[in-house]
Every structure is written in C-alpha cells, then in structure tokens.
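Subject: Structure for your review

Dear colleague,

Please find below the structure that I am handing over to you. I should be grateful if you would keep it open while you read the notes beneath it.

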Amino acid sequence: MPHPDTWLCVRPEGLYCKPGDFFIDPVRAVPRAVVTHAHGDHARPGHGAVLATSQTLAVMGVRMGVERAGDVQQALAYGERLRIGDVSLWLQPAGHVLGSAQVAMEFQGSRAVVSGDYKRAADPTCAPFEPVVCDVFVTEATFALPVFTHPPALAECRRLLASVALFPERTHVIGVYALGKCQRLIAMLRQCGWDRPVYLHGALMPVCEAYERLGVPLGDLRPATVAAKAELAGAIVLAPPSAIADRWARRLSDPVTCLASGWMRVRQRAKAGGIELPLVISDHADWPELLRTVADVGAPEIWVTHGSEEALIHAAAGMGVRGRALRLIGYGDEAVDG
Ligand SMILES: [Zn+2]
Ligand SMILES: [Zn+2]
C-alpha cells in the first residue's frame, strides 16, 4: 500500500493529488480544483474545473460571480463516490459552514482525508462533521492551543440577549464574518427565541439570501441602512467586523459594540478592538475538538495545514500519532474566517 506522501504533495499552488491530477483549495488558479468550502482563503476565482458540493458552488457564485467560480462546475453530494484518474474521491460533511466538506481520497488502498476548516460544535445551518477513518488526516489548526476552549455557542447567544434586555434603548451591533458566522448567529438567535427582525449591513445580505434559497430559514431580515434610527433602538444589527468601528456604526443608537469570533477568547484582542461585548463563537474546532478528532479518525499520521502547528503536533505525539507541518501559505485570514 503506497504511503499518502507518495501521491499527495504540497506545490506552490497548494495541496496536489498526483494520480488524480487535481489540487485541493489551491491558492492560485489551476486547471482542476476540489474546493472544501466557499471562504475566500479556500475558494479562489479563475479555476478551470471546480468540484465541490452544490451549496459551496452556489455560495462561490454569489460571492465572486458565477463566471469566476470555475469554467466547469461539478457538484458532488456528500458521500457520493467519484473516480478521478486512479483516485476514488468523496466529500464528507465538515460542519464548518453550509456546504463545507472534507475531501476523502483513496489510492491503491491508501486513504487520506483533507479536513478543510471544520468544527464539532452544533451548527443549525450546516451538516455536522463526520469523521472518516484514514491513514493520513490533513487538518487545520486555527485554534490549536489549550487556551482555545470555546464555551457553548448558545450560551454566548443568551449572553447577548441578556445584554439586549438590560439596555433596551441601545443598538447591539455585532461584527460577524459574511459567510457562516453571520447565518449561524442568526439561526442560533432564532433557537433562543429571538423572533424580532435582525438588521443587516448591506454586505451581509447576499449570502443570507443564498442560505435561504438553499433551505436554511433565517427569519425576518431587514437592511440596517434604510431603517430609521428609532427603529434600531433595542435592535440587533449585524455587520462585517471592519464596519462596526467605522463611520457606518456611528449613526446607530448608542451602540453596544460586539464581535463574534473564536479570537474573542483572548481578552486583549477584544480590548484592543474596542469591543464592549466579546462573543466567543467560532466556526473552527477548538483545542479539545481537535484532539478528539485526531483520536476519532484513527490515523497514525496527521499533516497540519495552517494555524498553531507545533502545539497540535506535540499533543498528537503524546497520543502516539506522528505529525508533520505542511506550512501552507495563504490560509487562515482572520479578516474572513475565524
Ligand atoms: Zn473557512
Ligand atoms: Zn480557512
């Protein structure tokens, strides 16, 4: 049985599968790409052929324009097997954002799984992560430090709603990433019983509409830009992280500035960003989830793509698992994904 390092390798464009002649989440335009999910650091424009879940293709089309989301777009459902060259491939839910997938590949009896970004915590907007037993597990490590133990996300939502109840005249403006975090936060607020409108910065509307078209209900969403100031008193407004501190937020009614991100676990970051109410809500696996996943996939070896590689490799060694840092460049941009 060939070791995965004989058929899966790192090239400047990204992770490359030789017997299938395709790249996974390449950072440059390539003839054939498999894309794990539609975040900007994984889904780049201009590829020849793109293979992904139908949801990922749809969201890529919304974000970059259909014509830039691949000359040929092929959708593959979770669990559906496809032969590419000498490789058998399928997509497995990653639990990160709607449509996100792990890429499982088999070549001559040897199996490698590329996680893309993933989490194990519940998310009402996407299918839950499913571990695949494999020989090499290629994992992200965004929050691979013991300090990153995320609290239950619903508890963070309840903290937000308690603050809204405490300051009924103020507007809570929450910085969220446009794809994933925004829709997950809305869906969780609905789970917590918030049935009033959620107001959105214009940049967040297109992906929310795409989620709804793809069958994820988000309730009453309204553009914050056209709402009267009085209407926004006591309201919840979502905006991209870059907008919450700038001129755009100033016209809101005495805003309480919030940010929903795994990085909010680090208090200094919240303080430096002027965040009054940090919400630790992450779409990435935290430290215990990473370790649990390494155990679940049962791989004798893990390759770490981006994040805190050293800590995860050290912890894996303690579990009898060999680790290797791939040092891929171009992933994990905090501005789009955290
Ligand atoms: Zn991502
Ligand atoms: Zn990422």
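The notes that follow set out what was found, beginning with helix packing and then turning to single residues. Please bear in mind throughout that this is a predicted model.

Helix pairs

Two packed helices are described by the angle between their axes and the distance between the axes. The pair to look at first is helix α1 (residues 54-64) with helix α4 (residues 205-213), whose axes lie 10 Å apart at an angle of about 155 degrees. Angles over 145 degrees count as roughly antiparallel, and α1 and α4 are therefore roughly antiparallel to each other. Their crossing is right-handed. On the α1 side the contact is made by V59, V62 and R63, and on the α4 side by P206, V207, A210 and R213. Sorted by class, the contact of α1 with α4 has five nonpolar and two charged residues, with no polar ones.

Helix α4 deserves a further look. Its buried residues are M205, V207, C208, A210 and Y211. These buried residues pack against α1, and also against α3 (181-191), β13 (198-200) and β14 (221-223). After α4 comes G215, which has a positive phi near 95 degrees.

The other pair is helix α8 (residues 287-297) with helix α9 (residues 309-318); here the axes come within 11 Å and cross at roughly 45 degrees. An angle of that kind makes α8 and α9 oblique to each other. The crossing of α8 and α9 is right-handed. W287, L290 and L291 of α8 meet A311, L312 and A315 of α9. The contact of α8 with α9 has six nonpolar residues, no polar ones and no charged ones.

Residues in strands and in a short helix

Is Q102 buried or exposed? Q102, which belongs to strand β9 (residues 101-107), has a relative accessible area of 0% and is therefore buried. A polar atom of the Q102 side chain lies 2.9 Å from the backbone oxygen of E130. Setting aside neighbours within four places in sequence, the contacts of Q102 include W90, L91, F129, E130 and F137.

T305 is part of strand β18 (residues 301-307). Because its relative accessibility is 10%, T305 counts as buried. Beyond residues up to four places away in sequence, T305 touches V138, T139, E140, L326, R327 and L328.

A230, by contrast, counts as exposed, at 68% relative accessibility. A230 is in helix α5 (residues 229-232). From A230 to T171 there are 59 residues in sequence, while their C-alpha atoms are 9.9 Å apart in space.

Positive phi values

Most residues other than glycine have a negative phi, and most peptide bonds are trans. Which way does phi point in D25, and how does R327 fare? D25 has a positive phi, near 50 degrees, and R327 has a positive phi near 50 degrees as well. D25 sits in the loop between β3 (22-24) and β4 (32-34), and with a relative accessible area of 4% it is buried. R327 lies in the segment after β19 (322-325). With a relative accessible area of 52%, R327 is exposed; R327 is also one of the residues that T305 touches.

Yours sincerely,
A colleague

How values were computed:
Residues are numbered from 1 along each chain as its sequence is written. Chains are lettered from A and ligands numbered from 1 in the order in which they are written. This is a predicted model: local features need pLDDT of at least 70, side-chain atom pairs count only at pLDDT 80 or more; totals for chains, interfaces and linings use all residues. Side-chain values use heavy atoms; hydrogens and water are left out. Axes are lines fitted to C-alpha atoms, for helices over the stretch in contact, and angles run from 0 to 180 degrees between N-to-C directions. Helices (H or I, at least four residues) and strands (E, at least two) are DSSP runs, numbered from the N terminus. Angles under 35 degrees count as roughly parallel, over 145 as roughly antiparallel, 65 to 115 as roughly perpendicular and the rest as oblique. A crossing is left-handed if the near helix is turned anticlockwise from the far one by less than a right angle, and right-handed if clockwise. Contact means heavy atoms within 4.5 Å. Ala, Val, Leu, Ile, Met, Phe, Trp, Tyr, Cys and Pro count as nonpolar, Asp, Glu, Lys and Arg as charged, and the others, Gly among them, as polar. Buried means under 20% relative accessible area, exposed over 50%, partly exposed in between (1.4 Å probe, protein chains only). A polar contact is a pair of N or O atoms within 3.5 Å; within protein, one must be able to donate a hydrogen and the other to accept it, and residues adjacent in sequence count only if both atoms are side-chain atoms.
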